[in-house]
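Colleague: Before I use this model, I would like to see how its descriptive terms follow from the values. Can we go through them one by one?

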Amino acid sequence: MNISQLQMKTGMKYPLATVLSYGPNRKVASKLVVSIFHRPGQTEPTAVEKWLGQGQDIRQDPVVMAAVNEFKARHFVVQTVSDARVMGCPHQEGIDYPEGQECPQCPFWTNLDRYTLEPKSLDRPLTPDQILAGLSCGRDAQPMASLAAAEHHRQRLVEPFILAVERALDHPQDVPPDDAQLFSYALAFLAKWREPRAFQLVLRWLSLPGEGAFDLGGDTVTEWGSRLLALTCGGDPTLIKHLIQNREANEFCRGQAIEALALLVAGNQQTQLEIADYFGWLAREGLEREFCTAWDSLVTASLDIEAITAFKDLRRAGEEELIDPFILDELDEVEAAPRGEQIASFRRHFVPFENIAAETIWWACFHERGSDDWGSADVDVAEEAQFLEPTLDDYSAPEPYIAPPKIGRNEPCPCGSGKKFKKCCGG
């Protein structure tokens, strides 16, 4: 984001001050540049002042900020426009280091585009610090190069990913948007790598009261929750059961925990009989006798693993109006079908985390072009794909894909067969 782009914001009032920060990396600013403009379309500022800091982030220095305010007051500034990001290296090419070379004092910015945080040249791969920055940078296109490069730095990224998730969970109400994005990417990679330390973090996240889990992770709660639990728990369902019975947790999160147990059966980490018995207990007495979405999840999970022994108790709960009768209709169908048919279908549709780009393509931020978000870089997915093949041979960029709306199991199949979705393409 340069000065002219900042001025393009509609409704600007003049005299106008733009404030840009520069530093040795994306998080710490050591240089502040304030420019004054007196009219729209002005290409060169009327006045410019620069401040340099030592050690701490200059934006947190009260002496510097007081000087900035005095400078703006001296020029009768009516409005100030700033960008929260660090805009690149604080040193000037041709002055602080030779023309055409990289700054020797700021290795973070070596070969890195300061706007997109993607590599400028394929000959020099991204470092772990640059990958982390790329995965936390707000944008409207996937950070394909950062996603691909992360696969090659697993050993060096596990710890930073865990720390990123912990930071967000320590203060879930005050997580900046960029850190929230890194939170979700970190969970996805940790699940793909089956990192056992991630399990407690996923539990903490899904156990947040109220809407806390959604505030932090958005729709990843219902899109990923069950898989994250199943892939990181090491096959032990004990703490997942505690989440199911935690009435302080969000009902959707509890439902995800129920579905995670079904996934453990699909992955042969728990027996069908053990989980079916537990599902029956939940239906009899384990879940509170009041309607919540966890009940629907219990029916769906029981259907998926053919927990026939739990069906009687589920029907009784239906009589108490604890379960949507619409979904109870399927109990008879699964009960009458050949044993093993439904669970075999469920196993075929269980997909572990393998391609993080494909797992995240549905994020709303990648489909909101033209939004007035100064923190986003207008980078096309196809443009980013050019960074993949030449140096990252084992990574295949997915075709851009927008997930369609979910189809109810008893709705007509969109293929036009006239059958219910569950009996046709969704079977």
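The exchange below takes the terms in turn and sets each against its cut-off.

Colleague: What kind of model is this, and how many helices and strands does the protein chain have?

Modeller: The model is predicted. Its protein chain has 18 helices and 4 strands. Buried residues make up 50% of the 427 residues. Of the contacts between residues at least 6 apart in sequence, 64% join residues at least 24 apart.

Colleague: Why is Asn111 called buried?

Modeller: Buried means under 20% relative accessible area. Asn111 has a relative accessibility of 5%, so Asn111 counts as buried. The residue is found in the loop between β4 (79-86) and α3 (128-135). Neighbours within four places in sequence aside, Asn111 is in contact with Glu102, Glu118, Pro119, Lys120, Ser121 and Arg124.

Colleague: What makes Gly225 buried or exposed?

Modeller: The cut-off for buried is again under 20%. The relative accessible area of Gly225 is 0%, and therefore Gly225 is buried. Its place is in helix α9 (residues 220-232). Apart from neighbours within four places in sequence, Gly225 is in contact with Leu206, Thr220 and Gln256. The C-alpha atoms of Gly225 and Ala257 are separated by 7.5 Å, with these positions 32 residues apart along the chain.

Colleague: Which term describes α9 relative to α11, and why?

Modeller: Helix α9 and helix α11 (residues 251-266) pack at an angle of about 45°, with their axes 8 Å apart. Angles under 35 degrees count as roughly parallel and 65 to 115 as roughly perpendicular, and the rest short of 145 are oblique. The angle falls in that remainder, so α9 is oblique to α11. Their crossing is right-handed.

Colleague: Which residues make that contact between α9 and α11?

Modeller: From α9 there are Val221, Thr222, Trp224, Gly225, Ser226, Arg227, Leu229 and Ala230, which meet Phe252, Cys253, Gln256, Ala257, Glu259, Ala260, Leu263 and Leu264 in α11. By class, this contact has 10 nonpolar, 4 polar and 2 charged residues.

Colleague: Why is α5 called oblique to α6?

Modeller: The axes of helix α5 (residues 154-170) and helix α6 (residues 177-192) come within 9 Å and cross at roughly 135°. Roughly antiparallel needs an angle over 145 degrees, and roughly perpendicular covers 65 to 115. The angle meets neither condition, and so α5 is oblique to α6. The crossing of α5 and α6 is left-handed. On the α5 side the contact is made by Val158, Phe161, Ile162, Ala164, Val165, Arg167, Ala168 and Leu169, and on the α6 side by Leu182, Phe183, Ala186, Leu187, Phe189 and Leu190. These divide into 13 nonpolar, no polar and 1 charged residues.

Colleague: How do you know which term fits α12 and α14?

Modeller: Helix α12 (residues 272-286) and helix α14 (residues 311-319) pack at about 25°, with axes 8 Å apart. The limit for roughly parallel is under 35 degrees. The angle is within that limit, and α12 and α14 are therefore roughly parallel to each other. The crossing is left-handed. Gly280, Ala283 and Arg284 of α12 make the contact with Asp313, Leu314 and Ala317 of α14. The classes are 3 nonpolar, 1 polar and 2 charged.

Colleague: What makes β3 and β4 edge strands?

Modeller: The sheet is open, its 4 strands run in the order β3-β2-β1-β4, and the pairing is mixed. β3 (47-52) and β4 each have a single partner strand, so one side of each is left without a neighbour in the sheet. Neighbouring strands are turned by 15° against each other on average, direction ignored.

Colleague: How do you know that the pairing is mixed?

Modeller: Strand β1 (residues 16-22) and β4 pair in the parallel sense over 5 bridges, with Leu16 opposite Gln79. β1 and β2 pair in the antiparallel sense over 7 bridges, and Ala17 stands opposite Ile36. β2 and β3 also run antiparallel, joined by 6 bridges; the bridge partner of Leu32 in β3 is Trp51. Both senses occur, and the pairing is mixed.

Colleague: What makes strand β2 mostly covered?

Modeller: In β2 (residues 31-37), 7 of its 7 residues are buried. Lys31, Val33, Ser35 and Phe37 lie on one side and Leu32, Val34 and Ile36 on the other, and both faces are covered.

Conventions
Residues numbered from 1 in each chain as written. Predicted model: local features only at pLDDT ≥ 70, side-chain atom pairs only at ≥ 80, totals over all residues. Heavy atoms only, no water. Helix = DSSP H or I, 4+ residues; strand = E, 2+ residues; numbered from the N terminus. Buried < 20%, exposed > 50% of the residue type's maximum accessible area, 1.4 Å probe, protein only. Contact = heavy atoms within 4.5 Å. Axes fitted to C-alpha atoms, helices over the stretch in contact; angles between N-to-C directions. Left-handed = near helix turned anticlockwise from the far one by under 90°. Nonpolar A, V, L, I, M, F, W, Y, C, P; charged D, E, K, R; others polar. Pairing = 2+ DSSP bridges.
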